[in-house]
Amino acid sequence: GKELQKFEKGFSKLIGTRYAVGVNSGTDAIKLSLRALGVGYGDEVITAANTFVATVGAIAELGAKPVFVDCDNTFCMDPEKLESVISEKTKAIVPVHYSGYMADMPKIVPIAKHYGIPLIEDACQAILSGIESKNAGTWGRTGAFSLHPLKNLNVWADGGVIVTDDKDICETLKLIRNHGLSDRDTVAVLGCNSRLDTIQAVVGNWLLPTALEISEKRIANAVHYDSKFEGLSEITIPPRPNNYRIVYHLYMVLARNRDDLLSYCVDHGIEAKVHYPVPIYLQPALQYLGHKCGDFPVTDKQAKSIITFPCDQHLTRQEMNHVIYTVK
C-alpha cells in the first residue's frame with residue numbers, strides 16, 4: 001500500500017540507495033537477500049564468528065553452510081582473516097556491522113571483488129553507521145536492516161528492510177516477499193510471506209524524520225561514557241576511528257572481572273547485559289560444523305570480558321551518571 005511505498009522511499013533516501021524493500025524482519029532481510037543472489041543448498045556463506053543467531057539462522061535455513069571468521073577489536077569481522085576461508089563453494093560474504101560499528105568495508109570490498117563474491121551487509125544493528133560518510137548498507141549488493149523494537153529505529157513489532165542499488169534484485173525481492181506473485185493469479189517464483197505490515201510502515205514513517213536525532217543522542221551518550229571510563233584501568237574502551245560513525249546500538253566495553261561487575265550493576269538497578277556469553281559458533285545448534293573452543297580466539301576472549309551498558313536516546317544524564325558511579 002501507499003504507506004509502505006512511502007516508507008521504502010524514505011528509508012532508501014535516508015540510507016543513500018536507489019531502492020528499499022520492506023520485509024517482516026531483519027532475519028528475513030538477510031535470508032531474502034541471500035535467496036535473491038541464488039544462495040542455496042550446499043553453498044558456503046562467510047560471516048562473523050561472534051554474530052547474533054539471526055545471521056547464521058538465515059544462512060542455514062537456505063541449506064547453506066555458515067563459515068566463520070574471527071572478529072577484531074571493533075567486534076566486527078577481521079578482514080585480514082577473510083581470504084583464508086574463501087573456497088570454490090563460497091557464494092556470499094555477510095559482514096556484520098556489529099553493535100553499531102561497521103566492519104572494515106574498505107578492506108573487505110576489494111577482497112570480495114577479487115573473487116567475484118557478492119557482499120550482503122548485515123546492518124541490522126547499524127542504521128546510519130558509516131565510514132567516510134558512506135553509510136552501512138551502501139557497500140554491498142544489498143544491506144539488511146532490522147526495525148525490531150530494540151533497534152535504534154524501531155517499529156511496534158518485528159520488521160525489516162533491504163536496500164540495494166540493483167533494480168533486478170529489488171524486483172526479485174518484491175516477488176519473493178509476496179509468495180512470488182507477479183499479479184493476483186500468476187506465481188512467477190516460489191516465494192514466502194515476508195511483507196512489512198502497513199501499520200508498521202505507518203510507525204516507520206513517523207520515526208524516519210527522527211533517525212538522525214536518535215543516532216546523535218546515542219553517540220553523545222557514548223562520548224560521555226567514554227570520557228568517564230577512559231581513566232579506569234579495569235575498563236578497555238574499543239578504538240574509536242575518526243573516519244567511522246558508530247551509532248551505538250550497543251555500548252560495549254571490555255571489563256576485568258566482568259561477571260562480578262555485571263552482577264554488581266544488576267544489583268544496583270542497571271540493566272547491563274553480555275552480548276554474548278557463548279559465541280554462536282559454540283552453540284549446541286551449530287555442533288554439526290565441528291568447531292571447538294579456541295577456533296576463534298578473539299571472539300572467545302571478548303566473550304569473557306564484554307559488558308554492555310544502557311546507551312539509548314531516552315536516558316537522562318542522571319541515569320547515565322548512576323551507571324558511571326556504580327561501575328567506578
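**Chatting about helix H6 and a four-stranded sheet**

Mentor: Let's start with helix H6, residues 198–207 of this predicted model. Its residues Gln200, Ala201, Val203, Gly204, Asn205 and Leu207 are buried.

Trainee: Nice! What covers the buried residues of H6?

Mentor: The cover includes helix H1 and helix H7, which spans 211–229.

Trainee: And at the start of H6, what does the side chain of Asp197 reach?

Mentor: One of its side-chain oxygens comes to within 2.9 Å of the backbone nitrogen of Ile199.

Trainee: Okay, switching to the sheet. What is the order of its strands?

Mentor: It's an open sheet of four strands, ordered S1-S9-S8-S5, and the pairing is mixed. At the edges sit S1 (19–23) and S5 (120–122), each pairing on one side only. On average, neighbouring strands are turned by 20° against each other, ignoring direction.

Trainee: What holds paired strands together, in general?

Mentor: Strands of a sheet pair through backbone hydrogen bonds, either parallel or antiparallel.

Trainee: So which is it for S1 and S9, parallel or antiparallel?

Mentor: Antiparallel, over five bridges, with S9 covering residues 160–164. If you want a spot to look at, find Gly22, which stands opposite Val161 in S9.

Trainee: Found them! Which strands does helix H1 touch?

Mentor: H1 (residues 2–15) packs on the sheet and touches S1, S8 (142–146) and S9. The direction of H1 makes about 125° with that of S1.

Trainee: And what about helix H5, which strands does that one touch?

Mentor: H5, residues 167–177, also packs on the sheet, touching S1, S8 and S9. The direction of H5 makes about 15° with that of S1.

Technical notes
Residues numbered from 1 in each chain as written. Predicted model: local features only at pLDDT ≥ 70, side-chain atom pairs only at ≥ 80, totals over all residues. Heavy atoms only, no water. Pairing = 2+ DSSP bridges. Helix = DSSP H or I, 4+ residues; strand = E, 2+ residues; numbered from the N terminus. Axes fitted to C-alpha atoms, helices over the stretch in contact; angles between N-to-C directions. Contact = heavy atoms within 4.5 Å. Buried < 20%, exposed > 50% of the residue type's maximum accessible area, 1.4 Å probe, protein only. Polar contact = N/O pair within 3.5 Å; in protein donor to acceptor, adjacent residues only side chain to side chain.
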